[in-house]
Amino acid sequence: MPRVALFVTCLVDMFRPTVGFATVKLLEDAGCTVEVPEAQTCCGQPAWNSGDRATAAEIAKQVIFAFEGYDYVVAPSGSCAGTIVKDYPQMLDGAWRKRAEALAAKTHEVTSFLVDVLGVEGVEADVPRLATYHDSCSGLRGLGVKAQPRKLLASAGTTLREMEEAEVCCGFGGTFCVKYPEISDSMVGDKTRNAADTGAEMLLAGDLGCLMNMAGKAQRDGRGLEVRHVVEVLAGMTDTPAIGEGSK
């Protein structure tokens, strides 16, 4: 039984804890022992993307120290997992680089971990809804996450209707949306229009930053989309309000 450390991510912890609980359910259903290291912090991506290499490196050391004792590290985020896998080895030198490379080798985005590492063929949930899926930049281009969530969604009875430019950035991009708000707003407007044009009920993705960006724009433009993290559907946890909605 693999001992898995859940990297919760800051956005999930602060804005959408149900994503963390859904991830734990999926991992436990797949036979994992899941632990949540209390010493975990931000992965350091905002500092790294802003050019603050020293701060990013110090954060990376803290994450490595907290997580390196587990069999695997799993995150409900291609963005944070990608930072650990792709960026940590670039941040550090010497012995710390070797420890970063070892942690990177056992760190995975959650749907990739279920399908590619554990060989999961399907989930127990039954969610016969019509959805469309946004491929986040870090998950798709950094970690090769594309087929894995689609395979698991099909097993849950969820029908996907692909939108135009599903692989194009939604305009969030971490600090990009802060540095270039007009460009970001235009990009997310294109994304939510393409999603709504499919006629899907739900807009799904695997990164909460993208989802919050898209949910906000969809609401402001009256798109009528139910925006959710993919793990909430895969775990059958769709009875909670969608992202950006108030309490039911």
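G222, which follows helix α12, has a positive phi, near 65 degrees. The model is predicted, and the values below are computed from it.

Helix α12 covers residues 208-220, 13 residues in total. At 1.5 Å a residue the helix should span 18 Å, and its end C-alpha atoms are 18 Å apart, so the expected and computed spans agree.

Which residues of α12 are buried? They are L208, G209, C210, L211, N213, M214, A215, K217 and A218. These buried residues pack against two helices, α1 (10-15) and α11 (181-197), and against two strands, β7 (202-205) and β8 (226-229).

The packing of α11 on α12 has an angle of about 75 degrees, and the axes are 9 Å apart. Angles of 65 to 115 degrees count as roughly perpendicular, and α11 is therefore roughly perpendicular to α12. On the α11 side the contact is made by S184, D185, V188, G189, K191 and T192, and on the α12 side by N213, M214, K217, A218 and R220. By class, this contact of α11 with α12 has three nonpolar, four polar and four charged residues. N213, M214, K217 and A218 belong to the contact with α11 and are also buried.

The UniProt record, an unreviewed entry, places the feature "domain: Cysteine-rich" at residues 4-84 and 132-214. The two spans are described below.

| Span | Helix | Strand | Distance between end C-alpha atoms |
|---|---|---|---|
| Residues 4-84 | 57% | 12% | 15 Å |
| Residues 132-214 | 53% | 10% | 13 Å |

Technical notes:
Residues numbered from 1 in each chain as written. Predicted model: local features only at pLDDT ≥ 70, side-chain atom pairs only at ≥ 80, totals over all residues. Heavy atoms only, no water. Helix = DSSP H or I, 4+ residues; strand = E, 2+ residues; numbered from the N terminus. Expected span 1.5 Å × (residues − 1). Buried < 20%, exposed > 50% of the residue type's maximum accessible area, 1.4 Å probe, protein only. Contact = heavy atoms within 4.5 Å. UniProt positions renumbered as here; feature names shortened; annotations may be inferred. Axes fitted to C-alpha atoms, helices over the stretch in contact; angles between N-to-C directions. Parallel < 35°, antiparallel > 145°, perpendicular 65-115°, else oblique. Nonpolar A, V, L, I, M, F, W, Y, C, P; charged D, E, K, R; others polar.
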